[in-house]
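Please examine the sequence and the three-dimensional structure shown below. The explanation after them leads through the arrangement of strands and helices and then through several individual residues.

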Amino acid sequence: MIPTSLRGYLFDMDGVLYRGRRVLPGARALLAALDRMGIPFALVTNNSTRTPRQYARLLATMGMRVPAERIVTSSVGTAAYLRATLRPGSRVLVIGEPPFRRAIARAGFVPAWEDVATIVVGLDRRITYRKLALATAALAGGAEFVASNPDPLVPTETGAMPGAGALVSALQYASGRKPVVIGKPDPRLLHEAMARIGTRPEQTAMVGDQLGTDIAAGRAAGLFTILVLTGVTADRSPTDADPRPDLTVRNLNDLRRWMISAPSR
Ligand SMILES: [Mg+2]
């Protein structure tokens, strides 16, 4: 299926716009072309370790200007979920890094280690046994269990490290409880991003490097899905269990040419 008119684009970041600290081929030119054509775009990431502002600054150092309001992280999604489901001022146990904790506090909740209504889990590179023990106790006591994202790994320049999903799995295994998962492949971050650029699913493309998260979320939300082979999928062959993208491109230069070659798109 090729939509007759794509009026907006959502991009995953890591493995699509950059990898590590390296800007990927065509990223700057594609975002500039979208700006010139007046086609809005937003960025959607499962990563909870930076705020949208920090991402905007990081992208600026790479020559890409994207306002913070156009960057939807799993911290943003988790805070929105808590606002929708929890009384303001509720105590929340946060496993995660300072930007994640701040996002929860700014949403009107009180980070705490005991007597909590909910536990939320993001990537925490200072995880300890004590934090896991307190979270397990909270879950045993009936606290709600929310995962910012299910990513098993985080790509880094020196190789992959355990992601938020690995910590979620430890707690899931210890407690026998199943979390509500906020990040991709759940479509809720994509819905939030489309609300910000003002497009409907059938007018919007999701561009990502991972079949199981980006492409799966795009399909779940009813978007046109585009796989780019500059990230993790380049490292392995797809299996029958993987969702199929509507379009596959080598890199964002190829996507820009595809976009420009058919103005009706
Ligand atoms: Mg990615």
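The following paragraphs treat a sheet, the helices that pack on it, a further pair of strands, and some points of local backbone geometry.

The model under discussion is a predicted one. A convenient starting point is an open sheet of 5 strands, whose order is β7-β6-β8-β9-β12 and whose pairing is parallel. The edges of this sheet are formed by β7 (110-111) and β12 (180-181); each has a single partner strand, so one side of each is left without a neighbour in the sheet. At the β7 edge, strand β6 (residues 91-95) runs parallel to β7 and is joined to it by 2 bridges. Val92 has Pro111 as its bridge partner in β7. Helix α4 (residues 98-106) packs on the sheet, where it touches β6, β7 and β8 (118-121). The direction of α4 makes about 165° with that of β6. A second helix, α6, also packs on the sheet and touches β6, β8 and β9, its direction making about 145° with that of β8. As for β6 itself, 4 of its 5 residues are buried, so this strand is largely enclosed by the rest of the structure.

Strand β9 (residues 144-147) contains Val146. Is this residue buried or exposed? Val146 has 21 C-beta neighbours inside 10 Å, and because the threshold for burial is 20 or more, Val146 counts as buried. Apart from neighbours within four places in sequence, the contacts of Val146 are Thr78, Tyr81, Thr118, Ile119, Val120, Pro179, Val180 and Ile182. By way of a longer reference distance, the C-alpha atom of Val146 is separated by 24 Å from that of Ala68, a residue 78 places away along the chain.

Helix α6 also takes part in a helix-helix contact. Two packed helices are described by the angle between their axes and the distance between the axes. Helix α5 (residues 129-140) packs with helix α6 (residues 164-175) at an angle of about 50°, and their axes are 10 Å apart. The two helices, α5 and α6, are therefore oblique to each other. The crossing in which α5 passes α6 is right-handed. On the α5 side the contact involves Leu132, Ala135, Thr136, Leu139 and Ala140, which meet Ala170, Leu171, Ala174 and Ser175 of α6. The residues of this contact comprise 7 nonpolar and 2 polar, with no charged residue.

Another parallel pairing joins strand β13 (residues 204-208) to β14, over 4 bridges. Here Met206 has Thr225 in β14 as its bridge partner. Strand β14 is mostly covered, with 5 of its 5 residues buried. Phe224, Ile226 and Val228 point one way from β14, whereas Thr225 and Leu227 point the other way, and all are buried.

Within strand β14 (residues 224-228), Thr225 merits separate attention. With 24 C-beta neighbours inside 10 Å, Thr225 counts as buried. Leaving out neighbours within four places in sequence, Thr225 is in contact with Met206, Ile215, Gly218, Arg219, Pro245 and Asp246. Met206 is thus named twice, as a contact of Thr225 and as its bridge partner. The C-alpha atoms of Thr225 and Val66 are separated by 22 Å, and these residues are 159 places apart along the chain.

Strand β13 is also among the elements that meet helix α7. The buried residues of helix α7 (residues 188-197) are Arg188, Leu189, Leu190, Ala193 and Met194. These buried residues pack against β1 (8-11), β4 (41-45), β5 (71-73), α3 (74-85), β13 and α8 (211-220). After α7 comes Gly198, which has a positive phi near 75°.

Two loops complete the account. In the loop between β12 and α7 lies Pro185. The peptide bond from Lys184 to Pro185 is cis, and its omega is near 15°. Asp115 is placed in the loop between β7 and β8. Although Asp115 is not a glycine, its phi is positive, about 55°. Asp115 has 10 C-beta neighbours inside 10 Å and therefore counts as exposed, in contrast to Val146, which counts as buried.

Terms used
Residues numbered from 1 in each chain as written. Predicted model: local features only at pLDDT ≥ 70, side-chain atom pairs only at ≥ 80, totals over all residues. Axes fitted to C-alpha atoms, helices over the stretch in contact; angles between N-to-C directions. Parallel < 35°, antiparallel > 145°, perpendicular 65-115°, else oblique. Left-handed = near helix turned anticlockwise from the far one by under 90°. Contact = placed C-beta atoms within 7 Å. Nonpolar A, V, L, I, M, F, W, Y, C, P; charged D, E, K, R; others polar. Buried ≥ 20, exposed ≤ 12 C-beta atoms within 10 Å, placed from the backbone. Pairing = 2+ DSSP bridges.
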